[in-house]
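Me: I would like to go through this protein by asking how each label is earned, with the cut-off set beside the value every time. Please show the sequence and the structure before we start.

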Amino acid sequence: MAKTTSLRCRVVEGKDLPAKDVSGSSDPYCVVKVDNEVVARTATVWKSLNPFWGEEYTLRLPRGFHSLAVYVLDEDIIGQDDVIGKVSLSRQQISAEPRGVDSWLSLAPVDPDKEVQGEIHLELWVPEQGHPRVLRCHLIEARDLAPRDLSGTSDPFARVSCCGHTLETAVIKKTRFPHWDEVLEFELAEGEPGETVLSVEVWDWDIVGKNDFLGRVEFPLDTICTDPTKGWFQLLPFPSTTEDHGGQLGALRLAVQLVEDRVLPPPYYQPLIQLLTEPILCPGQPPAGTALAILEEVTLGESRQDVATKLVKIFLGQGLAVPLLDYLISRELARTTDPNTLFRSNSLASKSVEQFMKVVGLPYLHEVLKPVVNRIFEEKKYVELDPGKMDLSRSRRISFKGSLSEAWVRESSLELLKGYLGDIVDAIVGSVEKCPVVMRMAFKQLRRRVEERFPSAQHEEVRYFSISGFLFLRFFAPAVLTPKLFSLREQHADPRTGRTLLLLAKLGQGKEPWMAPLHAVLLPSVTRVKAFLDSLVTAESTEAGEGPMPPALFHPSATIKEGYLHTRVAGGAALLPRFAFKKRYFWLSSEALTYSKSPEWQVRCSIPVPWMRAVERVDEGTFQHPHVMQIVAQDDAGQLHTTYIQCKSAQELWQWLWAVRQASSANEAMLPTCHPGTFRAGRWTCCLQPACTAPGCSRTHSTVALGEWSDPLDPAAAAQTLYGHLRQAGARLRAAGAEGPEGGAASEPPCPGQAGEPFEGRLQAVLRDLDIAHDAFARRDSAPGPPPPPPPPPSLAPAPTT
């Protein structure tokens, strides 16, 4: 059983940020840290003091964590980025809110003395023999200390204080991973230690000016006297004295939720998955007498998207995604009397179709929209139709044609939008064969159900807008509006480009009078769009295949990320490190990281994903290059090989780090430590150890930032989430079971072997079995000594005796 901790963090927006640029504005972005480890970075919003990011991360944390911090910075092309402020939340603060934290939080200033990181390795004990008693403090080493010098390193030493005395270790120059191996002794006074503490502080020594604080840790003396202490300890800042700054630095809106789950082995969820798929595999049950119906009933608005995502993934894994959508759509159609309100709400059916399109259709979306979106970003044309927002002086500066009229700006904007719109429509209507077959099958079923529900001639248009409402309004339009959130671009649009995208995305939705000319531009395309929708639903069911999920949906060799980077292999030329990196084109798939001289070059090198043992950043200054990462791989012979990869920017570095970590997240035998430097001139540049085979000095980081719908398929984890939601219906189910079904007769599911057994009773039994299994595994994990064998899955459990 795996105990998982996930942190869902949504960086929504900022407001009233201070201006950091001479233009009177800022270029803000956010960095997300968990226990001082950078785990995510938003895109930069250019020239804004009220930025909107809307970026969401699901952070998988293999270990417990202490705190979350979100830093807001101003990006500068020249020099270091300016720190605007930060928001910090402890684990206790997040856990105290069952539904998480979702509010505006004032930014606090960043104090260098409190920005500490890293751990220290100590051994503390008091020998039983001898008089007077002596406390011995063995300072072994430290790792991942904050860099305080311009070289990207520090000159650390430790200062230990106890019983009114202070001793210091030697200074270890130019490293963030010092090895002291010194024992400091303190003579203890007679009597009880009381509240006396041993304080260990780490400092960066500076030849000029004052030393820089790197962190501290304290231990009660009475604890050391009774129980020797040894291990790695996280360095902490000085006690906080930060006061409320009254929003002087602005505020950040965050939505953060901690989710802790125990995921059982997959066989334990099979009875639940069987109940969920029962109305699909065994149709004919009463509409309210299914697990899907009850799940739809108990799912609240804020959790509906999460439930829809998990359902889609479970049914994709079973090869039943299209029948699932058909079932949910049929239930919603049965409740709908006015076709004009069809699928307008965020129901479970609507959310499921939306998540289904994102999961299976993202490569299709990229192929259709990316060329047009890229052109809009590159051209940066000024476009505006709203007279209240037209900036004629801006237009004049852009055109150099003197004074411009409002009519000229409107006509030129309409011409530009007409061109962009024409390219988008051409790309979409010509994409029938590119659309995944499983999406086409889902739309075919959707149209058939709509025609059955509204067969009259006056509702003929419903069969078109029922599909276009999903495909255009919930798939293409959001991607045009925010390309960054659909991975179409690596950065958010600047204000001018963003306005162009907004006007295109609002097409057909905006009711403002000044949008009317744009609607007129769309009218000639209506016939072509209808023909496209007619062609889209001509897919035959045999094309989608039977049985488990079609392999084409998640083909292992599908490219996850690609682009030009620079690389070198460890053990290459030691001289001239600046020129040791070679430009190569990289492709990342779930099978391998491959690279060659160019996209067309046939000779390629490859690092298989199953060989990867660590994916980490490299310390700044190691190669006289910034933004370098490393991949440590182990070949079939057991030999470790390190490949260094240089990116163009910090944003690109983190994108590749997350992508490769996610691709290798299921690998076993990952290394617990590695070297964040390189072995050169007979020693490691990071920890100064002279042996090439010395164990890694820095912890590896396995935290993975994932999107809700871009996670790999994990039926057990998805079923665990749905089990949690269904437990909320326990009281209602027990009441229904006590009273019996309406009319006094038990509901008999049509599946063989279960006739006469009420559905409510079977669902309660499945949930009860999962409760028992969770309790048994929890007791097993907490029991001392060798763990007892786990309980058998429900399907393997012996039948009860009477």
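Reply: What follows is a set of questions on the terms used for this model, each with its answer.

Me: How do you know what kind of model this is, and which of its parts may be used for local features?

Reply: This is a predicted model, in which local features need pLDDT of at least 70 and side-chain atom pairs count only at pLDDT 80 or more, while totals for chains, interfaces and linings use all residues. Residues are numbered from 1 along each chain as its sequence is written, and side-chain values use heavy atoms, with hydrogens and water left out.

Me: What makes a stretch a helix or a strand here, and how many of each does the protein have?

Reply: Helices (H or I, at least four residues) and strands (E, at least two) are DSSP runs, numbered from the N terminus. By that rule the protein has 18 helices and 28 strands.

Me: Why is Leu325 called buried, and what does Leu325 touch?

Reply: Buried means under 20% relative accessible area, exposed over 50% and partly exposed in between, with a 1.4 Å probe and protein chains only. Leu325, which is found in helix H6 (residues 321-335), counts as buried because its relative accessibility is 4%. A contact means heavy atoms within 4.5 Å, and, leaving aside neighbours within four places in sequence, Leu325 is in contact with Ser352, Val353, Phe356 and Ala442. Of these partners, Phe356 is 31 residues away in sequence, with 8.8 Å from C-alpha to C-alpha.

Me: What share of the whole protein is buried, and how much of the contact count comes from residues far apart in sequence?

Reply: Of the 802 residues, 48% count as buried. Among contacts with a separation of 6 or more, 68% are between residues 24 or more positions apart.

Me: How do you know that the length of helix H16 agrees with its number of residues?

Reply: The expected span of a helix is 1.5 Å times one less than its number of residues. Helix H16 (residues 715-727) has 13 residues and should therefore span 18 Å, and its end C-alpha atoms are 18 Å apart, which agrees. The buried residues of H16 include Ala716, Ala719, Tyr723 and Leu726.

Me: What makes E12 and E15 edge strands?

Reply: Two strands pair if DSSP finds at least two bridges between them. Four strands form an open sheet in the order E12-E9-E8-E15, with antiparallel pairing. Strand E12 (179-187) and strand E15 (229-234) each have a single partner strand, so one side of each is left without a neighbour in the sheet.

Me: How do you know that E9 pairs with E8 and with E12, and what makes E9 largely enclosed?

Reply: Seven bridges join strand E8 (residues 119-125) to strand E9 (residues 134-143), and the two run antiparallel, with His121 standing opposite Glu141 in E9. Seven bridges also join E9 to E12, again antiparallel, and the bridge partner of Cys137 in E12 is Leu184. E9 is largely enclosed by the rest of the structure because eight of its 10 residues are buried.

Me: Why are E3 and E6 called edges?

Reply: An open sheet of four strands has the order E3-E2-E5-E6, with antiparallel pairing. Strand E3 (37-41) and strand E6 (82-90) stand at the edges because each has a single partner strand, so one side of each lacks a neighbour in the sheet. Strand E2 (residues 28-34) pairs with E3 over four bridges in the antiparallel sense, and Val31 has Arg41 as its bridge partner in E3.

Me: Why is Cys9 not counted in a disulfide?

Reply: A disulfide is a pair of cysteine sulfur atoms within 2.5 Å. The closest cysteine sulfur to that of Cys9 is in Cys30, 9.0 Å away, and is therefore too far for a bond. The structure holds zero disulfides. Cys9 is buried, with a relative accessible area of 1%, and Cys647 is also buried, at 3%.

Me: What makes the phi of Asp16 worth a remark, and why is Asp16 called exposed?

Reply: Most residues other than glycine have a negative phi. Phi of Asp16 is near 55 degrees, a positive value in a residue other than glycine. Asp16 lies in the loop between strand E1 (2-15) and E2, and it counts as exposed because its relative accessibility is 52%. His627 likewise has a positive phi, near 60 degrees, and lies in the loop between strand E21 (612-617) and strand E22 (628-634).
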